[in-house]
Amino acid sequence: EFNMLNIFPGSVDKKLITSSLAEKIKRARILVIDDDTNAFPAELLENEGYNIIYWEKVKSLKDLVNGEYDLIVLDLNDVADADLTEEDGIGILKHIKLYNPSQVVVAYSAKSYDIGSAEFWRIADDCLSKPSSVVKCKELIDELLTDKYNGSHYWRHLLSYLEARNVPQNKVKKLETQFLKKQQNKSELSSDEVAKILGMSKDSLVGILA
């Protein structure tokens, strides 16, 4: 069966999309990048069953875009060395969204909604003021795991992916119609069906969507 999640960098855990919230919490890998180790209640969340990984600074750009983490909480300041980006947290966020637009990122900063950081808040999937309580963090994480890890979220990015590669709009619309029908029937599009709608062979389909 054709799995649209395979077009994105890294391997998205399909069970994370189809499972209950309790299972999502157990499976999701949450990366927090913040130079202030006392601001984010990582230990308290871990006690609640969340899988938290903590970086004081960005260690690897590759790991941020290859699907290694299901949710990234990213601070605005002092998280990236100049050899990675001169824009610090905003530069890291731009990089993530350029190479893996489906990656869920929470903008995290004490400069809550500062006008000078407007781009940071706009690009991110959501935002969280720093410091933050465990209750507030839990509410936001649960909401994102529920709202973002579903087929519709990835379908929106698939549309952007196809449009960026100049797939004709009439074919995109046909694919969307069939996707919605399959979703209603709780089934998936086969690779043969997708290839037929897009007007290409299965081999060329793999070349474009792999």
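This tour goes through one helix, one cavity and two aromatic pairs in a predicted model.

**Stop 1: helix α5**

Select residues 88–99, which form helix α5. The helix has twelve residues, and the distance from its first C-alpha to its last is 17 Å, close to the 16 Å expected at 1.5 Å a residue.

Now colour the buried positions within α5: Asp88, Gly89, Ile90, Gly91, Ile92, Leu93, Ile96 and Lys97. Asp88 and Lys97 are thus among the buried residues of this helix. To see what surrounds them, add α4 (61–65), β3 (71–75), β4 (104–109) and α6 (118–123) to the display; the buried residues of α5 pack against these elements.

**Stop 2: the second largest cavity**

Keep β3 on screen and turn to internal space. The structure holds two cavities of 30 Å³ or more. The second largest cavity contains about 40 Å³ of space. To find it, select Phe40, Leu71, Val73, Val106, Leu128, Cys137, Leu140, Ile141 and Leu144, which line it. Two elements, β3 and α7 (134–148), each give two or more residues to this lining. Helix α7 supplies the largest share, with four residues.

What is the character of the lining: nonpolar, polar or charged? Its residues are nine nonpolar, with no polar and no charged ones.

**Stop 3: Phe40 and Tyr108**

Phe40, already selected as a lining residue of the second largest cavity, also leads to the next stop. Two aromatic pairs are found in the whole structure. In one of them, the ring centres of Phe40 and Tyr108 are 5.7 Å apart and the planes stand at 90 degrees, so the arrangement is edge-to-face. Phe40 sits in the loop between β1 (29–33) and α3 (42–47), whereas Tyr108 belongs to strand β4; the pair links distant parts of the chain, 68 residues apart. Both Phe40 and Tyr108 are buried.

**Stop 4: Trp55 and Tyr69**

Next, select Trp55 and Tyr69. Their ring centres lie 6.0 Å apart with the planes at 85 degrees, so this pair too is edge-to-face. Trp55 is in strand β2 (residues 51–55) and Tyr69 is in the loop between α4 and β3, so the pair ties together parts that are 14 residues apart in sequence.

Are these two residues buried or exposed? Trp55 has a relative accessible area of 5% and is buried. Tyr69, at 7% relative accessibility, also counts as buried. Both values fall under the 20% cut-off for burial.

Terms used. Residues numbered from 1 in each chain as written. Predicted model: local features only at pLDDT ≥ 70, side-chain atom pairs only at ≥ 80, totals over all residues. Heavy atoms only, no water. Expected span 1.5 Å × (residues − 1). Buried < 20%, exposed > 50% of the residue type's maximum accessible area, 1.4 Å probe, protein only. Contact = heavy atoms within 4.5 Å. 1 Å grid on protein atoms, 1.4 Å probe; cavity = no way out; pocket = protein on both sides within 12 Å on 5 of 7 lines; lining within 4 Å. Points joined across faces, edges and corners; volume = space filled by probe spheres on them. Nonpolar A, V, L, I, M, F, W, Y, C, P; charged D, E, K, R; others polar. Phe/Tyr/Trp six-rings, centres within 6.5 Å; stacked < 30°, edge-to-face > 60°.
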